[in-house]
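User: Please take a close look at the largest nonpolar core of this protein. Which residues have the most contacts inside it, and which helices and strands supply it?

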Amino acid sequence: MSSFDVAVVGLGAMGSASIYAAARRGLRVVGVDRYEPGHPRSSSFGESRLIRLAYFEDPSYVPLVQESFQLWRDLEVATGEKILRMTGLIEAGFPGSPLVMNSWRSSIEHHLRSERLSAPEANARYPAFDLPADWDVIFQPDAGALLPEKAIRLFVAAAKVHGAQVRTNTRVICVEPMADRVLVVLEGGERIEAGSAVVAAGAWIGDLLPEVAANLRLTRQPLLWFQPPEPALVDPDRMPAFLFQTHADVIYGLPDICGTGIKVASHLSGGDLRSAEQPRAEVSPAEAAYLHGELLRYVPAAAGTLVRSSVCIYTRSPDEHFVVGLHPKAPQIVIASPCSGHGFKFASVMGEGLTDLAMDRRTDRPIGRFNVERLAKPTPPGEAPARDRPKA
């Protein structure tokens, strides 16, 4: 039986960052993934992810994302590779939009460099946009895009340099407490003993921790790329990323940072999934037409021909916040899922926090609100269920 300080199950966003953090601290660590890290079935697939400081979901996220920014830059220095492109971010929505108002509250509370604009001012500054004149608008300069697949592969490769072992294309059969340690059994019969295990299996968490997954929800999320009719206006030097709250949806998009077109998506569910392995319907003509129509209305310079589409998966908690912490009945198991569709930007700092938990059963990083125990609690009276609250 192989023996390690830490076993990391799942090498997506949180898992790859965790194996890197643990290996860099000199721990004996092994990581396991049922596919190759950065694979197209993961929640982190899709070329780019937003990173933003002002956080409308809750101001308590801001200190985490501030540290995360620094750690992403540290990874760039350590690997000599670029994974972060700063573009700024326009957040806009109907008058009184919770997205815009809460983001502004977050900016004030943490003294961030956000700027209130009128819609006409935003349209004049960034001519790719055609926002309704009465919309509320905020510009965040400290925002941009991360390259998720590349970042995951860099984390794993750098972890190996620091001595980590990695098993890919290998399914984990079970993760079980064994006295004060953990037993991880792999497909093919390999048995791994570790002082602790970080379970960062994403949408596959139900295969290993069904008692946790019983309170979670898997959703299909279409991603689309459009060839812009006015490419000069949507270059990342001229157009920031965007988050728009309409009365029916929250839509996000990124400028043409990879030369593949404008990426746009909705954060509303494209349909529930029973399991991570369930076949996911391809993006439908109706879904493509809807998002093309939203671009035509608000970002006409981006509303060209559909050139690519894909489908990723969200693992959503009832309140749409993360689920991170020690297993209530087995503290040697650290739970790191789900991210509810807005977690990749935090991966670098969460890897450090998860390693803290794995080694010390505690962390000074402010992640207490993400505890596992809250999953058993009902939605507070008067609060809409998560499926009715769009996230970004």
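Analyst: The answer below begins with the core and then turns to the protein as a whole. The model is predicted. Its largest nonpolar core has 54 residues. Those with the most contacts inside this core are Met14, Ile19, Val29, Trp72, Val198 and Phe346.

Six elements each supply at least two residues of the core: strands E1 (2–9) and E20 (330–336), together with helices H1 (13–24), H2 (62–79), H5 (148–161) and H9 (347–360). Met14 and Ile19 fall within the range of H1 (13–24), and Trp72 falls within that of H2 (62–79).

Val198 illustrates the packing in detail. Leaving aside residues up to four places away in sequence, Val198 touches Val6, Ala7, Val8 and Val9, as well as Ser18. Its other partners on that basis are Val334, Ala336, Leu354 and Ala358.

The core belongs to a protein with nine helices and 20 strands. The radius of gyration is 21 Å, close to the 21 Å that the globule rule gives for 392 residues, so the protein is as compact as a globular protein of that length. Along the principal axes, the C-alpha trace spans about 65 × 45 × 40 Å.

Of the 392 residues, 59% are buried. Among contacts with a separation of 6 or more, 74% come from residues 24 or more positions apart. As for the surface, the protein exposes about 15000 Å², of which carbon and sulfur atoms supply 53%. There are 41 positive and 45 negative side chains, and the centres of these two sets lie 3 Å apart.

How values were computed. Residues are numbered from 1 along each chain as its sequence is written. This is a predicted model: local features need pLDDT of at least 70, side-chain atom pairs count only at pLDDT 80 or more; totals for chains, interfaces and linings use all residues. Side-chain values use heavy atoms; hydrogens and water are left out. A nonpolar core is a set of buried Ala, Val, Leu, Ile, Met, Phe, Trp, Tyr and Cys residues joined through side-chain atoms within 4.5 Å. Buried means under 20% relative accessible area, exposed over 50%, partly exposed in between (1.4 Å probe, protein chains only). Helices (H or I, at least four residues) and strands (E, at least two) are DSSP runs, numbered from the N terminus. Contact means heavy atoms within 4.5 Å. The radius of gyration is taken over C-alpha atoms; the globule rule is 2.2 Å times the number of residues to the power 0.38. Accessible areas come from the Shrake-Rupley method with a 1.4 Å probe; for residues, only the protein chains shown count as cover. Lys and Arg count as positive and Asp and Glu as negative; His and the chain ends are not counted. The place of a charge is taken as NZ of Lys, CZ of Arg, CG of Asp or CD of Glu.
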